[in-house]
Number of protein chains: 2
Amino acid sequence: MKEAQQHPQGRATAALVAERANVSRVAVSRAFNPHTSLKPEKRERILAIARELNYTPDRAARALVSGRTHLVGMIVPDVCSNWESQEIDALTTALQAEGFATLLFKTRTDYSMDEQLLAYMRGFNPDSVIAFVENVRPKTLARVLDRAVPIYIDYPLPGEAGAARGDPLHDRLNVLQYTGIDQAVALLEGYGVRRVAYLSGSHKSRANTSRERTLRQVLAARGLPAPVIAPGDFSYDTAYQATIDLFRVGPGAEAIFAANDFGAFGALDALRHELRLRVPEDVRVVGFDDIAQSHWKSYNLTTVKFDLDERVRAIVRLILRRLAAPDAPGLEETLDTRLVVRGTVG
Amino acid sequence: MKEAQQHPQGRATAALVAERANVSRVAVSRAFNPHTSLKPEKRERILAIARELNYTPDRAARALVSGRTHLVGMIVPDVCSNWESQEIDALTTALQAEGFATLLFKTRTDYSMDEQLLAYMRGFNPDSVIAFVENVRPKTLARVLDRAVPIYIDYPLPGEAGAARGDPLHDRLNVLQYTGIDQAVALLEGYGVRRVAYLSGSHKSRANTSRERTLRQVLAARGLPAPVIAPGDFSYDTAYQATIDLFRVGPGAEAIFAANDFGAFGALDALRHELRLRVPEDVRVVGFDDIAQSHWKSYNLTTVKFDLDERVRAIVRLILRRLAAPDAPGLEETLDTRLVVRGTVG
DNA sequence: GGTCAAATTGAACACGTTTTCACTTCTCGT
DNA sequence: ACGAGAAGTGAAAACGTGTTCAATTTGACC
């Protein structure tokens, strides 16, 4: 038997555990892999000694041979001020339970995802990649990422909804927004609102485009006029200024749909503190996301909610299905939204 | 020369690049490691072919032999609602530039860090670990993490400040709070404030303890009475309720120090929307952190600011110094704070 | 042209694991 | 008691890279 070190420093290795337990190194490996055949009492003894020696199989070595790193790459423009931070938070917890870890990367805040960053991430060889950033073409992603199949979080445009696109290059979580928006418009209509403004998110983002078009569709279906569009970029500050412009320069509105909750906060603060308008008496406001701050008293925002738990479960499901069948064609999951009624509509 | 595959699928390997470039595999390795001797034109040619084949050295293999994973583990209780999310955000960007990636782990929100999670993280073998969670003893951390030397972000208590503790088990970033708190109290004193309340963070957290004790020290130094303590846990909701109790049941106060900005928001909303008090006319409020939301019009919070850039640079410096000298005794960096004046004091 | 130090090169080994493949030992039905 | 299938075992071969070391080439100087 080979002479293993007393591990005076550095991690204990499988060879050391094997020596201590009077078994082969292979047996140690098997003890840590559930679906291998090893006499139960033997496995028990090995695990006990491993615990005693503070031994865990080296993930780098394991990755080298198995091809699995158990890392899930996530690319975000901003960890703080976004719906995505909630999702990262919940995803990290869920993935931890499945034996994965979150590998975080930051791209520029203009939602552009450069190839350099993708290549950088690829170097870490994640098992899966979740693209929160939309402004990258699936083909670019697939070309740079040779192994992991990326998961797109997508907001289908009206008409695309049921279409099976079956793209084998990536998997997809579709978030439909019709239901939530329709509930919001119905509520507004009940208060007699007719003139609606849409406070945009970033121009090129599909989340934004989808929300705007779906809103148009819902308004049209109910015989209401098309929305006025105010420019924005999902940020508080831009929304604040855009709202001021909408009322000082533009035509104003009876209700504002903001592309996200942060934008809605900006709109609310502009209406109340700058334009001296009352919400909801003078203007009504609806957001998207339902982040933690939305229930705070200063805002108390009525908003279109994504079910976070459901969403996280769907993503984890996509990851596990993909890893179980690496060559399967593009997988899809679809979720719906609903309205959370608070104080900014009436 | 060994027959390398055409890489019909899967990553390109160093052997393939070597074959294509008519060099040895070792030369390819050297081409990617800057401080090795290789004829420049040769390195150029190898890198060109590597780029063409979309080749990057496998980090798992590299980690196996070099012992460096280029991963930095971060443990947080909450990614969304915290000062930490800002720090994670900025740290991730800075670390990316140095060739590292952020490995994110979530612990329970009660700030307790179980050994199981530490062992789980250890399996990924990060080069460095940043402990945002305070409720774990350095010895526990050092015992579970055999390789990485953890970095503690610490808020020294009054009196501990200059003391070189020289603990070799971990490195430390000290954040002093005297200056910022002193500036805040001086400002309040200028408005004639004498009765100050401190709205706590989580009881066991050193950030909280340090803020409370430093506030006591500053008040005493200026001949003002000791603060009334209202219980809290760094969250909006708890702060909201605690503020109501402070005024309905307790003695009230002329000014409130909240242990963090989120708590300050809760206090502000409780004062204005529940207690119908005016800020800053009736009660003045000061927070800690200066997060992004603190400048929003609804809050416009006067707060003790941590310089994020400076802080991130200090942490990166600690990481690099530690990796350059793995056996050095405990490293330390020390930073100060300052007050950001906005609208909640006067 | 000759000499010596410095720069460059590649074969062999090491890193710690999983996987494959024969081989041995059990288990159970006849 | 016998065979056959199942379960358990360990030696050896990967996985893709960095590092060591001795051999070779280059460059500068006289």
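Which element gives the most to the surface near DNA strand D? I put this first in the notebook, bearing in mind that the model is predicted.

**Entry 1: the surface near DNA strand D**

I looked up the contributors and found that H4(B) gives the most, with five residues. I then listed the surroundings of the strand: of the 24 residues around DNA strand D, those that come nearest are Ser37(A), Val65(A), Ala14(B), Ser29(B) and Ala61(B). Two or more residues come from each of helix H2 (25-32) and helix H4 (59-66) in chain A, and from each of helix H2 (25-31) and helix H4 (59-66) in chain B. Sorting this surface by class, I noted 13 nonpolar, six polar and five charged residues.

**Entry 2: the two protein copies**

I superposed chain B on chain A and obtained an RMSD of 0.1 Å, with a turn of 180° and a shift of 0.0 Å along the axis. I recorded this as the relation of a two-fold axis. I also compared the interface residues: 100% of those in chain B are interface residues in chain A as well, so the copies meet through the same surface.

**Entry 3: H1 against H3 in chain A**

I examined helix H1 (residues 14-21) and helix H3 (residues 40-52) of chain A, whose axes come within 10 Å and cross at roughly 120°. The two helices, H1(A) and H3(A), are therefore oblique to each other. I noted the crossing of H1(A) past H3(A) as right-handed. On the H1(A) side, Val17(A), Arg20(A) and Ala21(A) take part, and they meet Arg45(A), Ile46(A), Ile49(A) and Ala50(A) of H3(A). By class, I entered five nonpolar and two charged residues for this contact, with no polar ones.

Definitions and conventions:
Residues numbered from 1 in each chain as written. Chains lettered and ligands numbered in written order. Predicted model: local features only at pLDDT ≥ 70, side-chain atom pairs only at ≥ 80, totals over all residues. Least-squares fit on C-alpha atoms with pLDDT ≥ 70 in both. Contact = placed C-beta atoms within 7 Å. Near = placed C-beta within 6 Å. Helix = DSSP H or I, 4+ residues; strand = E, 2+ residues; numbered from the N terminus. Nonpolar A, V, L, I, M, F, W, Y, C, P; charged D, E, K, R; others polar. Axes fitted to C-alpha atoms, helices over the stretch in contact; angles between N-to-C directions. Parallel < 35°, antiparallel > 145°, perpendicular 65-115°, else oblique. Left-handed = near helix turned anticlockwise from the far one by under 90°.
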